[in-house]
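Colleague: I've just opened this one and I'd like a guided tour before I set anything up. Let's put it on screen and go through it piece by piece.

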Amino acid sequence: MNHKPYLDWMHAALDAGEARLAPDQRAQLDAHLADCAECQSLWDVLGEADRLFEAAPMAAPRPGFTGRFKARLAQQRSRPKAVWGALALGLGAVGAAAMVLPLGVGFLFSIVRVAQEPAMTDALYSGFNATASFAGTMLDGLFIAARALGEWALGNPLTWAASLVALAATAMWFYFMRRLVPVRNPGV
Amino acid sequence: MSEQEWVRRARAGDEAAFTPLVETYNTAIYNLCYRMLGEAGEAEDAAQETFLRAYAQLHSYDPARSFKTWLFSIASHHCIDRLRKRRLTWLSIEDEQLPPHPALREQTPGPEEQSVRREQSEVIQAMLAKLAPEDRNVIVMRYWYDYSYEEISQTTGATVSAVKSRLHRARGYVAEMLKAAKAPRATGRPALAVEG
């Protein structure tokens, strides 16, 4: 037999303010309780539990609760939060430095040791010389190209003017395109 | 001055305006904490913490909502958090039964009524301690404050059907405990978590 509907009705009857049983439901429940000892026993203890809780008094705090609250609130407010925050920050900085400094100093010392080797010094000097002469060669090449272009432009003024106009038009196109078309950030 | 006015002033930064609210609700909040936590000292601490949190979070309080419900919500969640941090030990109702005493068998008042009431209170706390925190919370709201399902739902954040389910389950557990307290032996009882 399915006792669940009767169990639901028992709870509904105890929650009198929430769901009063319809007269026919009450009649069916009463009839079932008369026939089912188990449900009758359950109904009895449910009622007992209900009465026990209904009769329970309200527990009250010791006198002076509000005074204790005000003292606790004042104590909480006077706590020097800024000092604690600065201390925490300082300790964090000291901790980070303690981790990073030994590694950094050790690395620097190793670099100095290597740089003091005679063979390393010669290699560094040669490398610097090679880089400087390469840069000088590049600059010479650019100067030669610019002089050649200038001589050619003086010999062909129309071509030179057309090139300048094309260059100016391209620059202005870039300028206006940037103003008219908004930059889209795919991340937003 | 009305409660809404005190709340409005407190929200505006008037610390003194919060005091009448503490005086109004300290017993109700303390009782909730005591019924949930089962110990007077811890209940005092939890109740104080509830009001401190309420004061700190006044800016988030919605005036359209009942201040009492909002306060109870803070207290309920705080007590449930405290209970969850406690160590749990599992006990079967068979292993530890409530001691039978006259309060459970005799309903007629006697000369030692105060003693009986004290024993009843101990029995109630013992039964509450065996319930899960959420079920305990619903029982306390229902029987000590006559909260409706809707009000309990607003306080706890659970749905109305969940509240109803918890209340019925908690009632059923309490009924089982009362049965076990009366009978010398009970077999096949479900295990319940109690705080150790």
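**Helices, burial and cysteines**

Colleague: Which helices of chain A do the buried residues of H2(A) pack against?
Modeller: Helices here are DSSP runs of H or I with at least four residues, strands are E runs of at least two, and both are numbered from the N terminus. Packing is about contact, which means heavy atoms within 4.5 Å. For the buried residues of H2(A), the partners are helix H1 (4-14) and helix H3 (37-55) of chain A.

Colleague: Before we go on, what pLDDT do local features need?
Modeller: Bookkeeping: residues count from 1 along each chain as its sequence is written, chains are lettered from A and ligands numbered from 1 in the order in which they are written, and side-chain values use heavy atoms, with hydrogens and water left out. This is a predicted model, where totals for chains, interfaces and linings use all residues, side-chain atom pairs count only at pLDDT 80 or more, and local features need pLDDT of at least 70.

Colleague: Back to H2(A): what arc do its buried residues cover around the axis?
Modeller: Buried is under 20% relative accessible area, exposed over 50%, and partly exposed in between, with a 1.4 Å probe and protein chains only. In H2(A), the buried ones are Leu29(A), His32(A) and Leu33(A). They sit on the same side of the helix, because the arc, taken from the directions from the helix axis to the C-beta atoms, is only 100°.

Colleague: And which residues are exposed on the other side of H2(A)?
Modeller: An α-helix has 3.6 residues a turn, so residues three or four places apart point the same way. Facing away from the buried side of H2(A), the exposed residues are Pro23(A), Ala34(A) and Asp35(A).

Colleague: How far does helix H2 of chain A reach from its first C-alpha to its last?
Modeller: The expected span of a helix is 1.5 Å times one less than its number of residues. Residues 23-35 make 13, for an expected 18 Å, and H2(A) comes close to that at 19 Å.

Colleague: What percentage of chain B counts as buried?
Modeller: Chain A first: 7 helices and 0 strands, with buried residues at 16% of its 188. Chain B has 9 helices and 2 strands, running α-α-α-α-β-α-α-α-α-α-β along the sequence. Of the 196 residues in chain B, the buried part is 49%.

Colleague: How much of the accessible surface of chain B belongs to carbon and sulfur atoms?
Modeller: Areas come from the Shrake-Rupley method with a 1.4 Å probe, and for residues only the protein chains shown count as cover. Chain A exposes about 14400 Å², with carbon and sulfur supplying 70%. For chain B the area is about 9400 Å², and the carbon and sulfur part is 48%.

Colleague: Where does helix H2 of chain B bend?
Modeller: H2(B) is mostly covered, with 16 of its 19 residues buried. The bend at a residue is the angle between axes fitted to the seven residues ending there and the seven starting there. In H2(B) (residues 19-37) that comes to about 50°, at Tyr25(B).

Colleague: Which helix of chain A do the buried residues of H3(B) pack against?
Modeller: H3(B) has a long list of buried residues, including Glu44(B), Phe51(B) and Tyr55(B). Within chain B they pack against H2 and helix H4 (67-85), and from chain A they meet helix H4 (65-78).

Colleague: How many disulfides are there over all chains?
Modeller: A disulfide needs a pair of cysteine sulfur atoms within 2.5 Å. The sulfur of Cys33(B) has its closest cysteine sulfur in Cys79(B), but at 3.6 Å that's too far for a bond. Cys33(B) is buried at 0% relative accessible area, and Cys79(B) is buried at 0% too. The count over all chains is 0.

Colleague: Which residue has a positive phi of about 55° although it is not a glycine?
Modeller: Most residues other than glycine have a negative phi, and most peptide bonds are trans. Our exception lies in the loop between helix H7 (133-145) and helix H8 (149-156) of chain B, and it counts as exposed at 57% relative accessibility. With a positive phi of about 55°, it is Asp146(B).
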